[in-house]
Amino acid sequence: WAGERDAEDYANALAEEEREDLAFRNAEGKRIRDLETRVKYEGLSSEHESYELKWAGERDAEDYANALAEEEREDLAFRNAEGKRIRDLETRVKYEGLSSEHESYELK
């Protein structure tokens, strides 16, 4: 009967070893799946962040182009106003010169 008990103990030991092996493989599989999920999430997060940075850069470039266009409009408006002021001044000086010349002729 000792042989039967030894065989039974051996079968129980094998079953326990198999349970421990399955538990280890299950835990290891879960760890690997969790790791893969985290890596996938970090990849997606990184990809999303990359798109966010790209879009922010595009917005910054568009804002810069708009600022340059506004600056150009303001510069042209200033140059136009300055040109008009100079032309008005030249017209006034010319008119005053003609008026003075006319008075000079009238006084002669």
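Here is a short chat between a student and a tutor about a predicted model of a protein chain.

Student: Before we start, what are the ground rules for this model?

Tutor: It's a predicted model, where local features need pLDDT of at least 70 and side-chain atom pairs count only at pLDDT 80 or more, while totals for chains, interfaces and linings use all residues. Residues are numbered from 1 along each chain as its sequence is written, and side-chain values use heavy atoms, with hydrogens and water left out.

Student: What makes up the secondary structure of the protein chain?

Tutor: One helix and zero strands. Helices (H or I, at least four residues) and strands (E, at least two) are DSSP runs, numbered from the N terminus. Helix 1 covers residues 2-107.

Student: How do you know whether the protein chain has the radius of gyration of a compact globule?

Tutor: Set the two values side by side: a compact globule of 108 residues would come out near 13 Å, but this chain has 46 Å. The radius is taken over C-alpha atoms, and the globule rule is 2.2 Å times the number of residues to the power 0.38. Along the principal axes, the C-alpha trace spans about 160 × 10 × 5 Å.

Student: What share of the residues count as buried?

Tutor: Just 2% of the 108 residues. Buried means under 20% relative accessible area, exposed over 50%, and partly exposed in between (1.4 Å probe, protein chains only).

Student: Why is the contact between arginine 19 and glutamate 16 called a salt bridge?

Tutor: The rule asks for a side-chain nitrogen of Lys or Arg within 4 Å of a carboxyl oxygen of Asp or Glu. Here the closest N and O atoms are 2.6 Å apart, so the pair qualifies. The two residues sit three apart in helix 1, which puts about one helical turn between them.

Student: Why are both of these residues called partly exposed?

Tutor: Arginine 19 has 49% relative accessibility and glutamate 16 has 33%. Both values fall between the two cut-offs, so "partly exposed" is the right label.

Student: What about lysine 84 and aspartate 88, how do you know they form a salt bridge?

Tutor: Their N to O distance is 2.9 Å, so it passes the distance test. They are four residues apart in helix 1, about one helical turn. Lysine 84 is partly exposed at 47%, and aspartate 88 is partly exposed at 42%.

Student: And what makes arginine 92 and glutamate 96 a salt bridge?

Tutor: At 3.5 Å, N to O, this pair is also inside the limit, so it counts. Again we have four residues of spacing in helix 1, about one helical turn. Arginine 92 is partly exposed at 48%, as is glutamate 96 at 45%.

Student: How many salt bridges does the rule give?

Tutor: Eleven.

Student: Why is the pair of tyrosine 51 and tryptophan 55 called stacked?

Tutor: The structure holds one aromatic pair. The ring centres of tyrosine 51 and tryptophan 55 are 5.6 Å apart and the planes lie at 25°, so the pair is stacked. For the cut-offs, rings of Phe, Tyr and Trp (its six-membered ring) pair if their centres lie within 6.5 Å; planes under 30 degrees apart count as stacked, over 60 as edge-to-face and the rest as tilted.

Student: Where do tyrosine 51 and tryptophan 55 lie?

Tutor: Both are in helix 1, four residues apart, about one turn of the helix. Tyrosine 51 is partly exposed at 40%, and tryptophan 55 is partly exposed at 36%.
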